[in-house]
Amino acid sequence: MIERKGRKVNENINILVAEDDPDINRLIGKILRNAGYEVISAFSGTEAAMCLEMKAFDLLLLDLMMPGMDGERLLTELREKKGMNTPVLILSAKAALADKVRLLTEGADDYMTKPFEPEELLARVGAILRRSHKKEEKADEVLKHKNLRLYPASHQIRVCGQEISLTKHEFELLHVMLQSPGKVFSREMLYEQVWQGGYYGEDNSVNVHISNIRKKISAVDQTTEYIKTVWGIGFKISE
């Protein structure tokens, strides 16, 4: 975002407005364009779906009662059938709490009722975009230690640039420890965080999984220690 003639310009942020009422669609578009957003208008759920197929949008403003495919059906199509995570702000005349709860549960990121004030609309849009940006930053997060790289979003592990295959629990054990590289983890702590259950001292799962992680890393990098055993306590990431 940059400043131009005293106004913030939200360059390269594309918003799709799906609203069948031409006057409301035009008003929303004007409010967003004045704030510097790029806006494309759709006047039915079917048209909005086509736009989403052809172009990536940073946000969808979605009316519920539209001809053809209504807004609720479009939201279901996006989330459940196509797996699209485009942020969605519902703009609807439906003010019942049950409608709001249902749509938020089905995947909407926020819900505003009509009529609305331009200032609140811009505030809601800005808040959703900030949350979305933080999610993208988190998805790009990489945990690094020596020659090892762990990618939480894609569940990938690379050692010396070579991908190694870990089971779900092996990945989670390594992920937990890499997030606090200076911390010593007891077997009980690791078991409770990864297996989400109580540890009673007889389960050897942690030891077995740590041993498997070491073997798989060692197959690629034999000279470097990554997990250190702290006798009588548990494990930590090697310094």
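**Close-up 1. Asp23 and Arg26 pair up along helix 1 in this predicted model.** Helix 1 covers residues 22-34, and because Asp23 and Arg26 sit 3 residues apart in it, about one helical turn separates them. The two form a salt bridge, with 2.6 Å between the closest N and O atoms. Both ends of the pair are out in the open: Asp23 counts as exposed, at 52% relative accessibility, and Arg26 counts as exposed too, at 53%.

**Close-up 2. Asp109 reaches Arg79 through a salt bridge.** Here the N to O distance between the side chains is 3.2 Å. Asp109 belongs to the loop between helix 4 (97-105) and strand 7 (110-113), while Arg79 is part of helix 3, so this salt bridge ties together parts that lie 30 residues apart in sequence. With a relative accessible area of 27%, Asp109 is partly exposed.

**Close-up 3. Gly71 is tucked into helix 3 as a buried residue.** The helix spans residues 71-81. Gly71 has 0% relative accessibility, so it counts as buried. What does Gly71 touch, once residues up to four places away in sequence are set aside? Its contacts are Leu62, Asp63, Leu64 and Met66. Further back in the chain is Glu19: 52 residues separate Glu19 from Gly71 in sequence, yet their C-alpha atoms are 9.0 Å apart.

**Close-up 4. Lys168 and Glu172 form a salt bridge within helix 6.** Their side chains meet at 2.8 Å, N to O. The two residues are 4 apart in the helix, about one turn. Lys168 has a relative accessibility of 56% and therefore counts as exposed. Elsewhere, salt bridges with shared partners link Glu19, Asp63 and Lys114 into one network. How many salt bridges are there by this rule? The count comes to 12.

**Close-up 5. Four strands line up as an open antiparallel sheet.** The strand order is 8-9-10-11. Which strands are at the edges? Strand 8 (143-145) and strand 11 (162-164) are, each of them pairing on one side only. On average, neighbouring strands in this sheet are turned by 25° against each other, ignoring direction. Zooming in on one pairing, strand 9 (residues 148-151) and strand 10 (residues 156-159) run antiparallel and are joined by 4 bridges. Among the residues involved is Arg149, whose bridge partner in strand 10 is another arginine, Arg158.

**Close-up 6. Helix 6 lies across part of the sheet.** This helix covers residues 168-178 and lies across strand 8, strand 9 and strand 10. Relative to strand 9, helix 6 runs at about 105°. The salt-bridged pair Glu172 and Lys168 from the earlier view belongs to this helix.

**Close-up 7. Helix 7 and helix 8 cross at roughly 85°.** Two packed helices are described by the angle between their axes and the distance between the axes. In this view, the axes of helix 7 (residues 187-194) and helix 8 (residues 205-218) come within 9 Å of each other. The two helices are therefore roughly perpendicular. On the helix 7 side, the contact is made by Arg187, Leu190 and Tyr191, and helix 8 contributes Ser205, Val206 and Asn207. It's a mixed bag chemically: the residues of this contact split into 3 nonpolar, 2 polar and 1 charged.

Methods:
Residues numbered from 1 in each chain as written. Predicted model: local features only at pLDDT ≥ 70, side-chain atom pairs only at ≥ 80, totals over all residues. Heavy atoms only, no water. Axes fitted to C-alpha atoms, helices over the stretch in contact; angles between N-to-C directions. Parallel < 35°, antiparallel > 145°, perpendicular 65-115°, else oblique. Contact = heavy atoms within 4.5 Å. Nonpolar A, V, L, I, M, F, W, Y, C, P; charged D, E, K, R; others polar. Buried < 20%, exposed > 50% of the residue type's maximum accessible area, 1.4 Å probe, protein only. Pairing = 2+ DSSP bridges. Salt bridge = Lys/Arg side-chain N within 4 Å of Asp/Glu carboxyl O.
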